[in-house]
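Here is a friendly walk through one model, written for reading with the structure open beside you. Take your time, and turn the view as each part comes up.

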Amino acid sequence: MNKSLPKETKPYWLDSVELPTFPSLNDDLTCDVAIIGGGISGIMTAYLLMESGIKVALLEADTLLSGTTGHTTAKLTAQHGLFYDELIQHFGIEKAKQYYDSNQQAIEFVKTIVKKYQIKCDLTEEAATIYTQDTQNVTKLEKEMEAYTKLQIPGRLTETTPLPFHIKQAIIMDKQYQFHPLKFLKVIVEKLKESNCLIYEKTVASKVEMGNQPKVLLKNGKAVVCDYVVSCSHFPFHDEGFYFARMYPERSYVVAALTNTDFPGGMYINAEQPTRSIRYTPYKEGKLVLFSGEHHKTGQGVDTYKHYENLQQFAENTFGVQSIIYRWSAQDYSTLDKVPYVGYVTNSNRNILVATGFRKWGMTNSISAAHLLADLIMNRDNLYVDLYTPSRFQTDPSVKRFLQTNIDVAKQLIGGKLEKLSKTVEDLNNNEGAVIDWNGQRAGGYKDGKGKLFVVDSTCTHMGCELEWNSGERTWDCPCHGSRFSIKGEVVEGPAETPLKLLNQ
Ligand SMILES: Cc1cc2nc3c(=O)[nH]c(=O)nc-3n(C[C@H](O)[C@H](O)[C@H](O)COP(=O)(O)OP(=O)(O)OC[C@H]3O[C@@H](n4cnc5c(N)ncnc54)[C@H](O)[C@@H]3O)c2cc1C
Ligand code: FES
């Protein structure tokens, strides 16, 4: 039994499923709809369009499901933290109800598909619970319950849960679900394959050229001509509409453990900070308990390994750890008003559509997005067009957050460059990375286990922000829009497409 953290990061989902592989696209192509991004939003949109007889090409920069979807915790719920009271304040009752309905319908859709194809994806009904251990938050939970009542969301307050620690109060949404997202999506991908959907991996879309028809230009020089382009690339790969200034990435961490105390079932998240989110998934003969949370804005330059240690400690203090089997982390984008951007990329361009900003609640939000995107393309009515339109503008509190987001970005652009650096290559220990002074220039230095040095230009190739070291993943992360690079400078995660310059080789 190993109570320590695994050396490498690897998500349980990707480690427990063998996914089909696909070739890269090395020719020009014509199709009805080109979908960029092979995560849950891209795959589900492809599935719904395919069902309507549309010729779809699905293009994935890496391998299908290797992005955030492969690194999720996969609670399938319309309970997205303490949110409905806030939603009512900012959007009013009607739209808040639409948000709930669209996410609840997404759950029903997954249940229907699981039944239709008899998918074995560990789908189980679980109560979703937000708990607080802080007396000051009790009023917040009570206000959330009032919001549930106004929106006719089935829910209840309680002072007891089956968790092995004391809580002050909790709010429960019954009949929610959890699943193994990749066991589910693997079957959807197989259905796409059977229906001759064109799927390409290791195929990076760079931008769209607008003519009579949109033309997706690929990084390898080839092009896809189509009627509609759908950007499901997490951060929009084609940034028309200032998405870079309207969204921010946050990383979260997961530690998956076999525990001493039997997990009682249910899905839990606390109301306070740091976030603690808990669920189990069936594992061999027992239960693997997923402890997640510790979110922070990407690339904030803190010691990220510490976040795993904090979750490990939480697991030990609550359920007791027999052994830790997996650890992983990932990021998701939030929009200014916390509601995803789904629809036409701008009001004036109706040939490019986008789905992004799921705020770590993309299991249901992406499925709702897929329906909305397919309906827009098929010219069908959809009740949720206005709620999710990326062109909406809600002044409160988005303006404040908009300014904060942009101040953060500006700080990185200006402050990063002016920062005085005290570290040099000599100060780096083996297995350590840091921003260093390299011939008078700011650079990213990393020494591997044997002392081999890798120095990269620490300026992000997307829009020029200064990168920070991520010790938990051994990557260079961008605080502005979340691009990530390996120690050798290769792109690990976009929106950047161009690698960093390796300065010492
Ligand atoms: C730690 C963590 C826990 C979470 N837990 C939950 C949860 O319990 N419940 C819940 O509802 N949600 C949860 N989420 C959120 C959810 O996982 C995400 O919202 C969702 O997976 C996002 O799916 P996606 O398809 O938009 O993005 P992704 O899965 O990231 O897919 C986007 C794909 O696009 C590809 N791509 C990018 N750029 C290009 C390009 N230029 N050309 C071609 N392809 C490109 C990428 O390689 C990637 O594969 C969690 C998120 C995190 C980080
Ligand atoms: S500047 Fe945009 S991701 Fe780095």
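## A tour of the model

Phe242 counts as exposed because its relative accessibility is 59%, and exposed here means over 50%. This is a predicted model, so please read every value below as computed from it. Phe242 belongs to the loop between β12 (228–231) and β13 (247–259). The backbone here is worth a look too: phi of Phe242 is near 55°, a positive value in a residue other than glycine.

Lys175 makes a good companion to that residue. The phi angle of Lys175 is likewise positive, near 55°, and Lys175 is not a glycine. This lysine sits in strand β7 (residues 169–178). Is Lys175 buried or exposed? With 55% relative accessibility, Lys175 counts as exposed.

### Around the ligand

Now move to ligand 1. How many residues surround ligand 1? There are 33 of them, and the closest are Ser41, Glu60, Thr69, Thr73 and Asp332. By residue type, this shell divides into 13 nonpolar, 16 polar and four charged residues.

Three polar pairs between protein and ligand are set out here.

| Protein residue | Protein atom | Ligand 1 atom | Distance |
|---|---|---|---|
| Ser41 | side-chain N or O | oxygen | 2.8 Å |
| Ala205 | backbone N or O | nitrogen | 2.9 Å |
| Asp332 | polar side-chain atom | oxygen | 2.7 Å |

On its own, ligand 1 has 1000 Å² of accessible area, and the protein covers 94% of that. Three elements give two or more residues to the shell: α2 (40–51), β17 (321–335) and α7 (362–377). Strand β17 gives the most, with three residues.

### The nonpolar cores

In soluble globular proteins, nonpolar side chains tend to be buried together. With that in mind, colour the nonpolar residues and look inside. The largest nonpolar core in this model has 91 residues. Ile35, Met44, Tyr84, Phe184 and Leu192 have the most contacts inside it. Which helix gives this core its largest share? Helix α3 (residues 84–117) does, with 13 residues.

Phe184 is a handy place to start exploring. Beyond its neighbours within four places in sequence, Phe184 is in contact with Met44, Val110, Ile113, Val114, Ile119, Cys121 and Phe179. Apart from the largest core lies another, of 25 residues, and its members include Val216, Phe237, Tyr243 and Ile352.

### Three buried residues

Met267 is found in strand β14. Its relative accessibility is 1%, so Met267 counts as buried, the limit for that being under 20%. Once neighbours within four places in sequence are set aside, the contacts of Met267 include Lys75, Thr77, Glu126, Gln176, Tyr177, Ile278 and Arg279. For a sense of scale, the C-alpha atoms of Met267 and Trp361 are 14 Å apart, while 94 residues separate the two in sequence.

Thr158 belongs to strand β6 (residues 156–158). Why does Thr158 count as buried? Because its relative accessibility is 15%, which means that it falls under the 20% limit. A polar atom of the Thr158 side chain lies 3.0 Å from the backbone oxygen of Thr160. Not counting residues up to four places away in sequence, Thr158 touches Ile167, Gln169, Ala170 and Ile172.

Gly433 lies in strand β20 (residues 432–438). This glycine counts as buried, at 9% relative accessibility. Leaving out residues up to four places away in sequence, Gly433 touches Leu428, Gly445, Tyr446 and Trp469. Measure across to Thr261 in your viewer, and the C-alpha to C-alpha distance is 38 Å, with these positions 172 residues apart in sequence numbering.

### Two cis prolines

Two peptide bonds round off the tour. The bond from Gln273 to Pro274 is cis, with omega near -5°. Pro274 has its place in the loop between β14 (267–270) and β15 (276–283). Gly494 and Pro495 are also joined by a cis peptide bond, with omega about 15°. Pro495 is in the segment after β26 (491–493).

Key
Residues numbered from 1 in each chain as written. Chains lettered and ligands numbered in written order. Predicted model: local features only at pLDDT ≥ 70, side-chain atom pairs only at ≥ 80, totals over all residues. Heavy atoms only, no water. Near = heavy atom within 4 Å. Polar contact = N/O pair within 3.5 Å; in protein donor to acceptor, adjacent residues only side chain to side chain. Areas by Shrake-Rupley, 256 points an atom, 1.4 Å probe, with all protein chains shown as cover. Helix = DSSP H or I, 4+ residues; strand = E, 2+ residues; numbered from the N terminus. Nonpolar A, V, L, I, M, F, W, Y, C, P; charged D, E, K, R; others polar. Core = buried A, V, L, I, M, F, W, Y, C linked by side-chain atoms within 4.5 Å. Buried < 20%, exposed > 50% of the residue type's maximum accessible area, 1.4 Å probe, protein only. Contact = heavy atoms within 4.5 Å.
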